[in-house]
Every structure is written in C-alpha cells, then in structure tokens.
Amino acid sequence: MLKLTRRTFLKASAGTTAAAVAAPSMLRAMEADLGGRDIDPVSLIERKSIPTNCHVCNIQDGALAFVENGRVVKLEGNPEHVSTRGRLCAKGNAGMWYSYDPDRILYPLKRVGKRGEGKWKRISWDEAYNEIAARLDDVLTNGHPNEIMLKWGRNRTGGVLERFMHTLGSATILNHTSVCESSKKIGMEPTWGPDIEMPDFANTKYVLNFGSNVLEAAYFHNPFSQRVTEGRVDSNMKIVTFDVRLSNTAGFSDEWIPVYPGTDGAVALALGHVILRENLQDSDFIENWTNVSVQELKDHYKQFTPEWAAKLSGVPVETIERIAREFATTKPATTYTYRGPAKHMYGSYNEKACMMLPIMTGNIEKRGGYCLPRGMGYDQPQPQPPKPATPSYLAHPDEYPLAGHKVSHLVPFWITEGKQKIKVYFSYQDNPVYTNPGADAVWGELFRNEELIPFYVCLSPFMGEEAQLADIILPDVPYLERWEPESMPSSLWPWLAIRQPVIKPLGEGKETRVYLQELIHKLDPDGSRGMKKFWGFKSAEDYLRKQFENIPGLKEAGGLDFLKKHGVWPIYGKLNPRTGKISDKSGREIAAEYGLYRKELSAADMAGAMVDGKGAIHKNGKVIGVQRKGRNYVGFPTHDRLINVRVDQWAEYGFNPMPTFKRMPWHENMKDDEMILTTFKLNVHKQSRTAAVKWLAEISHANPAWLGTETAAKLGIKTGDLIRIESGVGHIVTKALVTEGIHPKVIAVSTAHGHWGYGRLAQLKLKEAAGQYGAADDPDLKNVWWDDKGVHPNHIIPAVADPIGGSQGWYDTVVKVSKAQPGDKYGDMVADWNKHVQWYKEGMRYTYVGDMHRKMHPEMASWAGPDSVKHKATGGH
Amino acid sequence: MSDLFTIPLEIVRQEAVAPAACTAEEYAARAHYYRLLAGAFIEEPGRDYLAALRTPESLEALAELGVTFDNDFIDPTPDELQETLACEYTVLFASSGGFPPVESVRLKGGFQQDPCFAAREFYAKEGFSVGAGRFQVFDDQLGVELQFIAALMDRIVIAMQRGDNQEQRRLEKSVKRFWAQHLGRWVRGYAALVERAASHSFYRETAMLLDAFAAFELELLGLDVTDEDQGRMELPPLAGADEPMRCGA
C-alpha cells in the first residue's frame with residue numbers, strides 16, 4: 001500500500017514540479033480575462049461593444065469601444081486582436097476624450113483676422129469648398145499642380161490623401177517621417193528590404209537594445225512590451241540596453257549601459273569586430289545569404305576595435321568584449337533599435353551597424369531571432385488616378401537622393417529659398433509648428449508669411465500651433481468617428497483590421513474621404529475634368545468595402561462585414577483568450593512561421609527562369625530568388641534577393657557602402673561646459689496631441705530637464721532650480737531634475753508639453769481668462785491641481801538632416817546649461833529664424849553635393865564626385 | 001446615477017408648490033422672450049432677426065428692460081453687423097478656446113455627455129426632435145433648450161384656450177422640470193460669463209437679458225435651483241485674451 005512520509009512527499013514534490021506545471025489548469029483568476037464585455041455599474045445593463053482600431057498613436061492596437069446611451073464610456077483592448085491581445089495602453093484607454101473635447105472644432109472655420117490672431121468665422125461646408133476649389137482651380141488652370149502641397153503627420157487613411165493629390169496631379173506630397181524614424185528605415189531597406197525588423201522577443205534568449213524605449217513608447221510599444229515580458233518570464237531572456245538615459249526599458253533591463261550620444265553605431269561595430277575576430281560569426285549564413293564573404297567582413301571590421309569604440313562611446317573595452325561574446329554565443333538572440341541610433345546626422349550608418357549583429361551571427365528569421373516584418377495589404381478602389389507627371393523638388397530634393405522617406409523638416413528653408421513655389425498648402429494631422437525642429441521659429445515663421453504660403457488649409461478636428469495659423473480649417477473627425485483600413489506588422493502574426501465609427505461624427509465634423517470627395521466633386525461636378533471618376537464611392541463604408549472585398553480568405557470569411565463584427569481578421573487561426581496564443585479550430589496553437597527567405601519557389605515560379613553563376617534566379621528581367629545547394633529559395637526582398645551588407649547605391653553618392661560610423665562633426669571638439677540635448681517620449685503621451693487629454697494630462701503635465709548628479713553639482717544646480725538651456729539657435733528656461741539616470745554629458749527634456757496653441761488644458765488656460773469650462777459635474781476638470789504646463793524644447797533644436805536617410809538629428813544639439821539668468825522666467829522659449837537658417841545651411845554642407853562630404857569620407861577618395869551621378873527617384877513611403 | 005438624483009431635495013419639494021398663475025397672454029409673452037434669446041445663441045444672428053431687433057420699437061422696448069446696445073450695434077449697415085456678429089459668435093461659441101453654449105460642456109467638460117441625451121429624451125417625450133438650422137446643433141445647446149420651453153409654452157396657451165386644465169398642468173410641470181434639470185443648473189452662470197467676455201455690445205446685452213430673464217423665470221416657476229456653472233463666480237479679467245497666441249518671451 002502506498003505510504004507517504006514527509007521526506008518522500010517533499011522529494012516527490014520537487015521531482016514532479018515540471019509535470020505539475022504542465023498539467024492543464026481550468027481554474028482562472030477572473031482578472032486575467034482579456035475582457036470583451038462591460039457592464040454599467042449602476043444599471044447593470046451590458047454596454048454595447050463595438051470593435052475598432054485605436055489611433056491615439058501609431059501602434060494601431062485593436063480596441064473595443066463600449067457605448068452606453070449613445071456615448072463612448074470606456075475603451076479597452078480587443079481580445080480577438082492577435083498582436084495586441086486585448087490590451088490598450090494608457091493613451092488608448094483615454095481616447096474617447098478626443099471626441100468630446102470642448103476645444104474640438106466642429107464646423108469649418110475661416111480666418112477673419114491676421115494669421116494667428118485667433119479671429120474666425122464659422123462657415124458652411126459649401127462655402128469652404130467654394131473657397132478652396134477657387135484656389136485649387138487657379139493653380140490647376142495655370143498648369144502647375146505641384147504648387148498644391150499636402151503634408152501629413154499621421155496618415156492612416158489607406159491611400160485617400162495620395163488619391164486626392166494624384167487626382168489634382170500634384171507630386172508635392174510630404175510626410176512627417178524625417179522627424180520620426182527615416183534613417184532607421186534607410187539604414188535597413190537597402191540592406192534587407194523592409195524598413196523595420198520584427199524581433200521575436202517572446203522566444204529569444206538575448207536582446208541587445210540600442211536606444212529604444214520599447215516598454216514605453218517605441219514602435220510597437222504595446223505588442224512588443226507584451227512579448228518582451230514573455231521573453232523575460234518564459235525564456236529567461238537577458239536584455240542589455242544602450243541608452244543615454246535610464247528609461248523604463250533600461251530600468252527593466254539586466255544591464256543599462258549609458259552611451260555617449262550618437263555612438264551606438266561605433267559600439268555595434270566594435271561588437272562585430274570582437275565577434276569576427278573570435279570567429280563567433282555564422283559563416284554559412286554570411287556566405288550564402290549576404291553579398292559579402294566572411295573574409296571581406298573580417299577585413300572590413302578590423303578597424304573597429306573595442307578601444308576605438310570605447311574612446312568614442314565611453315563604454316569600457318571589457319564590457320564591449322563581454323557583450324559581444326554573450327550575444328554571439330547565446331542562441332537565439334536579437335537586436336532592437338529605435339531612435340537612439342537613428343536620429344543623428346549619420347543615423348543610417350548607425351542603424352546599419354546595429355543590424356549587422358544579428359546578420360553576422362545568423363539570427364535572421366529564426367525563432368527567437370531578428371525576423372522580417374509580417375504585414376498585409378489591402379486593395380485600392382478602382383480606377384485610381386495616375387501618378388503625377390512632374391516630380392516635386394520638395395518631395396524628393398536633389399541633395400538627398402537616398403532619402404526615400406523624404407526630408408520634410410527642411411521644407412520651410414527650401415520654400416523660403418524659392419526651390420519650389422507653393423500656392424495652396426494642406427496639412428493633415430500634422431503640427432510641425434510644434435513637432436519639428438525649430439518649432440515656431442521655423443514653421444511658424446513659414447506659415448505666418450502669406451507670400452510664401454498664400455493659402456493654408458488645415459484638416460484637423462483640433463486647434464493647434466499649426467491650425468491657429470491657417471486660413472481655413474476643415475473639421476476632420478477623431479478616430480472613433482471614422483472608417484479606415486488598418487494593417488501593421490506588429491507581431492509575427494499578420495492581420496487586417498478596420499477603424500469604424502462607434503459614434504456618429506459630432507457637430508459637422510466629416511471624415512477625410514468624405515470631404516475630399518465632395519471637394520473633388522465641387523472641382524469637377526460633371527466629370528469633364530477627369531477627376532470625378534476616381535471618387536465614385538457611395539460612402540466611406542463603401543470605400544472600405546472596395547478595399548476588402550477581394551482579399552483571399554477574408555472574402556470567404558465575410559469581407560468587411562466580418563471586420564465590422566470582429567474588428568480584426570488574423571490570417572492564421574484566431575487568438576485564444578485563455579492562452580494569449582494563436583490557435584486553430586481545434587484549439588491547438590499555431591506556431592509562427594520562420595525562415596521566410598528560405599521559402600522555396602514553385603515549379604511554376606521557376607518556369608522560364610535562369611540561374612546565374614552566383615545563384616541568382618532571373619525571370620522577366622528581375623531576380624526572383626536565390627539558388628543554394630540545388631534548392632531555389634525566394635530570398636530577401638532586395639534587388640538581388642540577398643542581404644546587402646555592401647550597399648552599392650550608397651557608394652554611387654560617395655557614401656561608404658559598408659558598415660561604418662561617422663561621428664557628429666560638432667561633437668568632436670566640445671568644450672567642458674557644453675552638453676548634448678536629447679528629447680524623449682513618456683508612456684502616457686504622444687508628440688503633440690495628448691497634453692489636453694484630461695486623464696493623461698493629470699498623470700504627466702510637466703517636463704523638467706534631466707541632468708546628471710555629477711554635472712549638476714559642478715553647475716551648482718539642484719532639482720527644481722530654474723535653468724537656462726542655450727543652443728546655437730536660442731534658449732529655453734525650464735526646471736532641473738537631477739538624477740543618476742542619465743549620461744553626465746547629456747541633458748534630456750521630454751516632448752508633449754509646453755503647448756501654446758493646443759487645448760486649454762494643455763495650455764492651462766483653464767486657469768486663465770475665458771479658458772474655463774464650468775465642468776461643475778466633472779471630477780477631473782474640477783481637480784486640475786497642477787499649474788505647470790512644461791516647456792517645449794524643439795524651438796532650440798536646429799534642423800539638420802542625415803545626408804543619407806534624411807532624418808532629423810534630434811539628439812545632436814550641443815547646448816550650454818546654466819542657472820537661470822536675471823530676467824529669465826520659467827517657460828521662456830526664445831529662438832531665431834536667422835540662426836536656424838545658418839544651421840540648416842551648415843547641415844547642407846554634409847550632403848553629397850556639399851563641401852564637407854568628402855572630408856567626412858576620406859575612405860571614399862576614389863569617388864568621382866557629385867557630377868558622376870544623376871539624381872534618381874527613390875522608393876519609400 | 002442620472003441627473004435627476006443630483007437635484008437638491010429642496011427643488012423636488014418645491015415641485016408641489018403651485019406655479020404662479022399666468023394668463024395665456026403672459027405665456028405667449030414669455031415664449032416670445034425665449035425665442036428672442038434663442039435667436040441670439042442658437043447660431044449666428046440672421047439678417048431678419050437683426051433687422052427686427054434694430055427697429056425703434058424693439059430698441060425702445062428693450063431699453064425699458066435695461067438692455068442698451070452700443071453704437072457697434074446701432075451704426076453698422078445690416079451686412080456689416082451680420083458679418084461682425086458672425087465672427088464674434090464664432091470666437092465666443094464655435095471655435096477652440098471659446099465657451100460653447102452647450103450644457104454638456106458647461107457642466108461635464110465635454111460635448112455630447114449625459115445632459116445632451118437627457119435633453120433629447122425630454123424633447124422626445126414631448127414629441128419633439130432637434131433638426132439642423134444653418135449648422136448642426138447639439139440637443140443641449142442653449143438656443144435649443146430655450147426654444148423647447150417656448151414650444152411648451154405655446155402648447156400651454158393652446159391648452160388654456162381649449163380649457164384643457166389637465167394638459168396645461170402637465171405642460172407647466174414639464175417646463176418646471178426642464179428648468180430644474182437643465183436650464184436652471186447652468187444658464188445664469190453661463191450668461192454672466194458671456195456678459196463679461198463679449199467684446200460686442202449685442203452679446204453683452206443679450207447675455208445680461210438672459211441672466212435677468214432666467215432669474216425672473218425661476219422666480220415665476222417657484223424654483224430654487226443652484227447655478228452649477230462656475231462662470232458667474234470665477235471669471236478672471238480678460239486682459240490679453242484676444243492677443244495672438246505666440247511662443248517666446
């Protein structure tokens with residue numbers, strides 16, 4: 001008979017732990033439920049749940065809106081969404097306050113005073129269309145459609161803005177990407193095809209994180225945060241973060257290594273040096289799947305010694321050596337980067353240097369490794385307007401031929417220089433007067449100048465620093481009131497989704513695709529100008545139906561009707577809310593697909609194909625794959641289907657085609673009292689449109705400047721002291737936050753605060769004349785207990801661009817920090833247009849046609865000069 | 001919890017008090033004032049409305065009440081006045097940084113909150129719905145709420161003419177309840193805010209009239225409703241409010 005003693009009982013317990021853990025559990029804590037239902041706590045009536053997609057920031061999380069008595073009362077994550085798995089961040093939870101914002105613009109407004117004077121007249125949509133159409137007509141009649149410019153900040157319209165501009169025949173389409181992540185994209189695209197990576201955090205063992213605050217703010221914050229946590233808990237993952245600041249991600253990491261700003265690339269190259277020197281690379285992968293040999297790589301990396309990198313970055317030699325060995329010998333491993341390496345004048349080089357680490361260690365497209373992004377596309381309603389015949393200088397400036405994502409933040413200087421004339425300017429969800437370098441001193445200066453911008457139409461539901469300078473404001477609607485298609489490569493499981501109206505537009509707000517259609521119809525009422533045919537849809541919903549009606553798989557599932565019901569269509573199976581995994585119909589987990597580049601071409605693909613001596617498979621004038629060991633693989637989405645460690649196109653313009661590092665010229669000889677200013681985002685704010693959201697404003701409403709303890713002691717500064725931060729273009733006066741959590745040569749100021757034209761809560765006009773809402777019944781607005789709205793740093797950050805990727809060098813600004821001077825007062829933001837112009841001109845010297853280009857690239861001495869290449873249109877979006 | 005439960009008990013008690021008796025003529029006159037005031041706030045004043053208001057008889061009648069417009073209302077041509085007031089209306093009521101005449105905004109801090117739906121429900125029970133004028137309006141917009149009371153008073157007059165006492169009493173109770181649940185809670189404080197913030201005498205004087213009329217009506221209805229809108233008490237001076245918003249020292 002079985003007999004348990006205390007000793008055998010405990011021993012058996014220890015020995016059977018794994019089995020106990022693996023046994024299926026049916027009992028669950030209710031708070032672990034992913035949600036999906038919500039009950040009114042008073043009436044106990046279940047609230048109506050409508051699936052949609054969040055659009056507070058650009059991660060595009062799946063969301064559910066709970067509607068009660070016609071009002072959105074709560075938002076939460078959509079438990080069917082395979083990437084975001086029932087979770088929304090703080091910003092997403094607060095999203096409904098956009099719709100109900102008392103400062104929201106609900107009617108078309110026409111300026112009646114001077115620009116920026118704040119005097120408006122409410123006009124009807126028809127009056128607005130007539131005014132705008134007359135201006136457009138004038139430009140079109142004169143035959144210069146490129147004089148119509150549209151610049152967007154956040155465009156999730158699914159092609160509507162491009163359709164509008166192409167209908168008008170204008171190529172002057174600008175975006176915000178150069179202030180966002182363009183040099184990350186340009187560092188990656190020519191190397192392996194896509195513009196972003198998909199680290200398999202959940203299954204990795206080791207992460208080298210360069211300058212990404214993924215647990216708070218980076219692409220794709222919500223889904224990636226979940227996987228980072230899974231990796232830590234389920235895979236015992238180690239994470240090492242290089243960052244100038246102890247972000248919450250750095251704090252979560254096993255190691256935070258403060259690195260001198262802009263030198264991540266040097267560290268990455270030195271890590272590569274150690275890996276190659278010690279023969280820790282994956283030679284098979286390099287030889288088969290890149291366009292260089294192991295020996296070429298070893299020879300090239302010899303120059304990047306740990307001693308060299310240590311001197312530049314401040315990271316000790318032994319740390320570099322140790323981490324290189326750890327990274328190369330721990331499998332699987334991945335890197336992840338965001339703005340830290342990329343937002344510098346040579347950010348593209350930095351990004352490339354970082355991505356070389358998973359490439360040389362063969363961690364590409366492996367479980368737990370550095371994977372290609374998985375996205376899905378959708379259709380465009382037919383017919384589509386043709387692309388404009390004449391290129392736009394502003395959209396593709398000659399000096400930046402490689403910047404496929406544009407260099408939009410330099411546009412004010414180019415318009416001022418007369419490089420391209422603009423007669424009608426549209427902005428869409430874009431507030432460059434706040435978000436761009438130079439802020440009001442640059443973009444405000446442009447918009448106030450009616451000679452340079454004779455007519456400015458702002459498409460926005462909110463007043464902002466940009467909108468207040470417009471001639472006409474058209475009341476677009478916030479995201480809970482609109483139709484839009486969505487797809488983001490935010491996990492290893494691709495998905496398609498929609499944003500659908502959960503309430504009707506308030507006031508006379510209209511969706512983008514609706515009012516642009518009406519405007520085009522105004523311009524071309526009878527179709528004789530050939531415009532109307534591109535805008536033949538019956539409604540915004542009808543437009544989306546056309547975008548989704550022919551997607552294989554989705555079509556059979558019900559197309560748009562499926563999406564209206566579920567919000568999201570995952571291509572594989574569906575999310576099991578019990579496990580958070582993707583399951584098939586029988587409940588079994590569907591594993592993510594890895595090794596996409598090793599997919600074999602079919603016999604049909606190979607029919608008529610030819611394989612050259614290097615294994616490249618050619619068909620119809622294109623390389624469609626790579627043959628290796630007798631097998632025909634699809635390879636990587638590059639021109640030769642290989643990872644291009646050597647980017648020949650860069651060499652054409654005198655840039656180093658191999659991984660390299662260039663130090664910021666103005667960081668070379670910094671004086672002892674000079675520091676580098678960097679900015680960052682907080683987890684409850686995006687760039688320019690959250691400071692007036694009451695829940696988020698209460699959590700974070702001010703942004704003191706982070707300053708190192710040692711540095712502050714030298715300057716005699718304590719936490720709370722008023723300080724002056726002075727750059728080459730101006731100064732701000734703010735408060736200090738003294739902390740150990742920052743590199744001693746860095747001062748860091750978060751963005752999102754310090755508004756002067758957006759929302760009374762963001763400006764704290766609640767406490768000023770005519771700024772009050774009564775809001776007697778609102779416990780939040782009755783309790784605005786803070787009186788500090790923060791100070792915006794962008795005024796004093798000069799506009800400089802990466803000569804390759806076009807990125808703004810956000811983290812390059814040299815400043816002097818001192819105690820506030822007599823006469824300084826908190827919130828001073830003083831900047832000078834002429835000084836900004838000088839800095840812009842200085843930056844242009846580093847372009848491939850500039851006089852500093854050769855000096856920065858002595859290794860490219862054999863380059864034949866700018867006249868040897870012709871400007872070519874580049875890709876990107 | 002609905003707004004009904006937030007009404008002070010004193011008001012509910014006063015529901016039992018019989019309203020001051022009014023004649024049909026008086027109800028018609030009160031409805032007239034509601035409409036007059038609604039015309040100022042529901043949207044930009046129209047040409048006909050302004051022309052009627054600027055007749056000597058009208059100005060004289062208003063002056064007797066203490067409403068005296070400045071020359072900015074008297075002197076301009078009809079077109080000029082309409083244009084000026086359209087701009088003033090937009091800045092005060094229909095663009096960012098202003099103070100929309102909307103109960104949800106005043107009491108809840110956002111558009112289309114509970115008062116909007118409660119007002120809509122109230123209208124529906126009486127057989128009304130809100131359409132659009134030149135522009136879409138919220139159900140709890142000041143002008144709409146005033147027009148609703150005017151419409152109820154029209155019906156009271158009809159009921160009185162028919163001798164339908166029961167319907168008259170029911171409608172009078174509805175008027176009283178709507179004031180207790182909606183207008184009474186915000187309109188006086190809001191009127192004081194407009195009076196102080198307006199730069200044109202038209203809005204200053206009509207806001208003053210609204211404030212006085214609201215007090216008059218509450219007294220007539222026998223209601224003692226607390227003005228929850230804080231505009232009356234806390235409005236600071238308006239220095240610099242119309243200066244362009246600029247950054248920098």
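**Exercise 1. Work out what share of chain B counts as buried, and what kind of secondary structure chain B holds.**

*Solution.* Start with burial: chain B of this predicted model has 249 residues, of which 47% count as buried. Next, turn to the secondary structure. Chain B contains twelve helices and zero strands, and its pattern along the sequence reads α-α-α-α-α-α-α-α-α-α-α-α. Finally, look at the contacts between residues at least 6 apart in sequence: in chain B, 73% of these join residues at least 24 apart.

**Exercise 2. Decide whether A:Asn363 is buried or exposed, and list what it touches.**

*Solution.* First, locate the residue. A:Asn363 sits in the loop between helix 17 (347-360) and strand 13 (370-371) of chain A. Then count its surroundings: there are 27 C-beta neighbours inside 10 Å, and the cut-off for burial is 20 or more. A:Asn363 therefore counts as buried. Leaving out residues up to four places away in sequence, A:Asn363 touches A:Pro332, A:Ala333, A:Thr334, A:Pro358, A:Gly369 and A:Tyr370.

**Exercise 3. Describe how helix 6 of chain A is enclosed, and how helix 6 packs with helix 21 of chain A.**

*Solution.* Begin with burial again. Helix 6 (residues 160-168) of chain A has nine residues, and seven of them are buried, so the helix is largely enclosed by the rest of the structure. Those seven are A:Val160, A:Leu161, A:Arg163, A:Phe164, A:Met165, A:Thr167 and A:Leu168.

Now find their partners. The buried residues of helix 6 pack against helix 5 (125-141), strand 6 (148-152), strand 7 (173-174), strand 14 (424-428) and helix 21 (512-523) of chain A.

Take helix 21 of chain A in more detail. Its axis lies 10 Å from that of helix 6 of chain A, and the two pack at an angle of about 10 degrees. Angles under 35 degrees count as roughly parallel, so helix 6 and helix 21 of chain A are roughly parallel to each other. Helix 6 of chain A brings A:Val160, A:Phe164 and A:Thr167 to the contact, while helix 21 of chain A brings A:Thr512, A:Arg513, A:Leu516 and A:Ile520. By type, the residues of this contact divide into four nonpolar, two polar and one charged.

Why does such spacing suit one face of a helix? An α-helix has 3.6 residues a turn, so residues three or four places apart point the same way.

To finish, step past the end of helix 6 of chain A: A:Gly169 follows, with a positive phi near 85 degrees.

**Exercise 4. Classify the packing of helix 11 with helix 13 of chain A.**

*Solution.* Helix 11 (residues 264-277) and helix 13 (residues 294-301) of chain A meet at an angle of about 125 degrees, with 9 Å between their axes. That angle makes helix 11 of chain A oblique to helix 13 of chain A. The crossing is left-handed. Contacts come from A:Leu269, A:Gly272, A:His273 and A:Leu276 of helix 11 and from A:Leu297, A:Lys298 and A:Tyr301 of helix 13 of chain A.

**Exercise 5. Lay out the four-stranded sheet of chain A and find the helix that packs on it.**

*Solution.* Write down the order: four strands form an open sheet, 11-10-9-12, with parallel pairing. At the edges are strand 11 (255-257) and strand 12 (333-337) of chain A, each pairing on one side only. From one strand to the next, the twist averages 15 degrees. Helix 15 (residues 317-329) of chain A packs on this sheet and touches strand 9, strand 10 (238-242), strand 11 and strand 12 of chain A.

Conventions:
Residues numbered from 1 in each chain as written. Chains lettered and ligands numbered in written order. Predicted model: local features only at pLDDT ≥ 70, side-chain atom pairs only at ≥ 80, totals over all residues. Axes fitted to C-alpha atoms, helices over the stretch in contact; angles between N-to-C directions. Parallel < 35°, antiparallel > 145°, perpendicular 65-115°, else oblique. Left-handed = near helix turned anticlockwise from the far one by under 90°. Contact = placed C-beta atoms within 7 Å. Pairing = 2+ DSSP bridges. Buried ≥ 20, exposed ≤ 12 C-beta atoms within 10 Å, placed from the backbone. Nonpolar A, V, L, I, M, F, W, Y, C, P; charged D, E, K, R; others polar.
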